Every structure is written in structure tokens, then in C-alpha cells.
Amino acid sequence: MKSLPLRALGALICLAHFASGEEIPEIGQAIPDAVMQLPAPTTSGVPTGITLAVATASESAQTHVNMGLNHLHFGWEFEAARHFAAAMREDPKCLLAHWGMVMALLEGAPETIANRNAAAERMVSLIEANAGSPLERDYSYALLKQLTDGPEAAANAFRKVANHFPNDMQSGVLVALFTRGGYDVSGEATPDQENSEKMLLDWIKKLPGNPVPINALLTIRAEAPDLSKSLLYARELCAAHPDYPPFQHLLGHFEWRCGNHREALDAFSKSAALFEKWMSENKISPADCPEWLDAQCYRIVVLNSMGRRQEAFDAAIQLSETQMPAERKNSPGARVLWWEIKTLPARLALDAGTLPESTPNEKLLPTADAAKELMKHSLAHWWINGLRLALEAQRQIQANQLDAARNTINALSQHGEMMAASQKLATQSAERSEWNRAFRALEMITANARGQLALAGSETNRNIAYNWFSAAADRQTASPMMKAPLVLTPMGGQIGEYFMAINQAPEAIEAFEKALKAFPNDSRLIERLTTARESQRKAATPASDQAKQPDR
């Protein structure tokens, strides 16, 4: 790729001070404060898949850059940033260290945006000074396209890098990651997805056992309807690197999606324990280890799927009491805490269908005052207050206060409409993915609530419930980014409940069996399927024969 003058790069990056003649930021401005306060990380315990010849005279910088690159590919951005920071300190002119720092902060929290911009500005100045190897400069140009023009432009730029350096695995993997197309509404892989998978499978064949293309393949397949064909890759990855916490989390996701709940519980428990050990050894708080919160959250979801609901609820209450440093309200960990962890008890209660007895409301969700305070630095208040309305509607339906429940559900719908109006703000913020997931979850929850209301009403209106439950089920897809799902209820099972309510056991059996394909071995679905089959058996048995048979 041809070199561009600094002014052109400045125009590309769309940050005025790049070309304004201002002084280049100091190294410290390009490193997050939380990283600056820590010593350099150890160079052991990192699965090795990338070993680039980095353009630096410092052997230490070379080692740290490669360690950072491996962490980066495996999704541990904070530890990657620590290695890149160590390399930048060792060699302030190391282009790849700066590239890595920008990559590590690419989807970072609001508190690190200034650091990312400073690292990008330093990277541009190094390119203008002709620092780095031709490969490293091409990496940098491609990253600038991501910053200015988005993923599609970056994909095209990285594709040029891969064509220019066909033996460079990293650029090949990045092309596959940037160009993946995901799955269509029927669950089939798109042509782009198939092409990305083929590229990664070719690298796996070319470099057997290398964890980078294997991890990338598992990452882009994580939202597939059926993960059983990929499970062996996840198991082999963890068998080769059993003490690397991101891999244990990945394994837990694949095991849970395949219905292997005990194995998933073991994997998430181990992931959480390894992250906790790392936090303790490095004196790091959950503010900089959202991965620990994610692993704990997923572990609790698995317990719920296994039918260990009280244990799951108690663990969720305890986890929701996790504290964040007061000055770290915009940290990565704080985002996970407010969107995922503080709402987990309420989401478990919605899934259970009954509110836990003698549990104060403030244990289920942050208070209204806390949500109001949250508005100053997060969009999570939309999600929290929506769940508050959903819980109230559930309570009213259980109390047979159907008119009140109808009003509350209407308020929930209006809340969703107001949340939709904040989409532009979400798109511009660092909480875009959290907002998108929560908005879709509230759509499902609202449709399910309307179905529950119709089912609780007069028999003449019960048919409407089917439509609402179907709408909720249609919206339910695999959770992205190997996150635990926000909506814990298998919505396809609600269709089965509708058919059970109108005494149509065969249709209920079909609905429960379909739901089990999406949520294999879910304890409640299995229980309800067993009940439906028993109902069908009794319906097919003459009353005189039923009287002769012992209860089962």
C-alpha cells in the first residue's frame, strides 16, 4: 500500500489536531491511567500463536508486542494494552506497539477514548517518519480506515495487506474477522460467513494447533444455531491451554449452547477463578476485568438452566453487590456491572415467572434514584427502568390485576418507543452494542408480557397469546460476543405453554421440542415436555383404563 503524507492521514483520521501543528502527545497520554499505574506484565502464560519480527531494537519491546498481539486476538484487551504500553515505554518509536494500543482501545470505554486518539496520533506521526516495516505500515493504514470509514473500508484495506503479504497469518485472520457475514434469519451462514470460515480453516490446516485461527473461527461461529460441529475445536483449545481464562470462557459458551451444562459450569467456574486470581495477583479491580463479571454472569445463567434456580438467584444477588471505584464510572467493568450484573436478579425473576418471596425490590434492580443518577454517564437506565416495568406487570398478572397490568405493559411499550429515540446517541457512544442488545431484549419481554396477559384473560382472547409468544420467539437469537443472554426464558417454550393452556398437548410437545433445539437440555423445557407427553398419554387412554393405572 502506498504511503500517504501526514496531511492526508490527518484528513482521513478526521481529528483536526492531527494536522494542526500541535505537539505530538507524550507516551503517557496514549496509555490508559489504569495501565499506567501498573508494572509491566509477565511474559509467561500467554498462548503463542503470533511471533512477528517487530521493527524495534529492543528485545523486550519485541516480546511485549507479540504477547500483546496474542492477547488481543484472544479478546483480553486490558492485558494486551499492558503489553503494548510496556513496549511503547521500551521503544517510543515502535510503530506496531502503537498500532496494538489503538486496536486494544478500539471498542473501549469512554474513559479511554482520549488515550486511543493520542495513540492514533502518535501512530500517524511514526508512519510519516517512515517508522516500522512495510507490513507494519500497511497494518496502520488499514487501522486508520477502520477509524475513519468503518469496518467495510478496514476489511478492504486488510484484504490488500493479506494480498501483499500472503504468508502473514495475522492479516489473513483480520480479513476473515472483518468480512464475516454472520447468519441469516433462517440460521444459515451467509456467503461472506462461509468465505471467512473457509479462510480460517485454510490457516488452521496450514498451521495445525495454532490458537489464533482456531480462536478466530470459534469467535465467528459463536452465534451459529448449532455449535456441536465446532465444540471439538473449543475443547482442544482448552486442553492445550487449560490455564488461559478467555479460552475457558469460550469453552463454557460452546458447552452451554450444546446443552452440556455440567461441562459449561466447570468451564465458567474455572474462567472466573483464573480471572479472580489474576486480579488478586496484580491488584486489579473489576473495573478493568469485565471478563470476570461476564464469566460469573454466565456461570449463574448455567445454574439456572440446570434447574438450580435458588442457587442461581442467591449468587446473582451476591454478584450484583460488586463495587466499582467511585472514579471509574466509565470503565469497561462498570458497563458490564450496570447492563448485565445489576439486572441479573430481575431477569432471573422474570424467567422464574414468580417474584422471589421476601426479596426487597432494591435487591432485584437498582433503585429509581440510582437509575436517575446513572443517566449522567450511561444509557443503562433505559434497560433498568424497562425491567422495572416488566417486573411490575408480572406481579400484577399474578395478582389477577389485569387492567393494571395492561396499563403497565402499555407504559412498557411507550418506554421502548422513547428508548428507540435514543438510538442515535447510542450509536455515537461506547455503549452501542449494550444498547442494541437491551433494546431487542425489551421487545421480547414486552411481547411475552402481552402474551401472558392474554393467557390470563378470558378464553375468547387467549388466541392472541399465541401471536405475542410467537413474536417474542422470532426475536430471540443467539447472544452475540459470547455473552450470556439478556432474556433467560426460552421464548419458544412459551408457545408450548399456550398450547398446554388450551389443552392441545400434541402441539405443545412440538413447541417444546423445537425450543429444546435452541436451548438444549434446559431443565424447565424438559420438565414441561414430560408433562405435555403425559397429558397426551392420558388423553389417549380411556377413562376406565386410567382408573386402573397407578399414578406415575
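This dialogue goes through cavities, a pocket, a helix, nonpolar cores and two loop residues in a predicted model.

Q: What should I know before reading the values?

A: The model is predicted, so local features need pLDDT of at least 70 and side-chain atom pairs count only at pLDDT 80 or more, while totals for chains, interfaces and linings use all residues. Residues are numbered from 1 along each chain as its sequence is written, and side-chain values use heavy atoms, with hydrogens and water left out.

Q: What is a cavity, and how many of 30 Å³ or more are found here?

A: On a 1 Å grid over the protein atoms alone, a cavity is a set of points where a 1.4 Å probe fits but cannot get out, and lining residues have an atom within 4 Å of a point. Grid points are joined across faces, edges and corners, and a volume is the space filled by probe spheres set on the points. A search of the whole structure gives two cavities of 30 Å³ or more. The largest has a volume of about 70 Å³, and the second largest about 40 Å³.

Q: Which residues line the largest cavity?

A: Among them are Trp-256, Ser-305, Arg-309, Phe-519 and Asp-522. Helix H15 (residues 290-305) supplies the largest share of this lining, three residues; helices (H or I, at least four residues) are DSSP runs, numbered from the N terminus. By class, the lining has seven nonpolar, two polar and three charged residues. Ala, Val, Leu, Ile, Met, Phe, Trp, Tyr, Cys and Pro count as nonpolar, Asp, Glu, Lys and Arg as charged, and the others, Gly among them, as polar.

Q: Which residues line the second largest cavity?

A: Its lining includes Trp-256, Arg-257, His-261 and Pro-520. Four of its lining residues are nonpolar, two polar and two charged.

Q: What is a pocket, and how much space lies in the second largest one?

A: A pocket is an open set of grid points with protein on both sides within 12 Å along at least five of seven lines. The second largest pocket holds about 610 Å³ of space. It is lined by 31 residues, and Leu-350, Gly-353, Asn-448, Gln-452 and Gln-494 are the closest to its centre. H24 gives the most to this lining, with six residues.

Q: Is helix H17 mostly covered or mostly open?

A: Buried means under 20% relative accessible area, exposed over 50%, and partly exposed in between (1.4 Å probe, protein chains only). Helix H17 (residues 332-341) is mostly covered, with nine of its ten residues buried. Trp-338 and Trp-339 are among the buried ones. The buried residues pack against several helices, including H15 and helix H24 (432-456).

Q: What is a nonpolar core, and which residues of the largest touch the most other members?

A: In soluble globular proteins, nonpolar side chains tend to be buried together. A nonpolar core is a set of buried Ala, Val, Leu, Ile, Met, Phe, Trp, Tyr and Cys residues joined through side-chain atoms within 4.5 Å. The largest has 167 residues, of which Val-65, Trp-99, Met-101, Phe-254 and Trp-383 touch the most other members. Apart from it lies another core of seven residues, among them Ala-393 and Ile-409.

Q: Where are residues with a positive phi found?

A: Most residues other than glycine have a negative phi. Asn-130 has a phi near 65° and is found in the loop between helix H6 (113-128) and helix H7 (134-149). Asn-130 is exposed, at 53% relative accessible area. Asn-521 also has a positive phi, of about 65°, in the loop between helix H27 (505-518) and helix H28 (523-540). Asn-521 is partly exposed, at 43%.

Terms used. Helices (H or I, at least four residues) and strands (E, at least two) are DSSP runs, numbered from the N terminus. Contact means heavy atoms within 4.5 Å.
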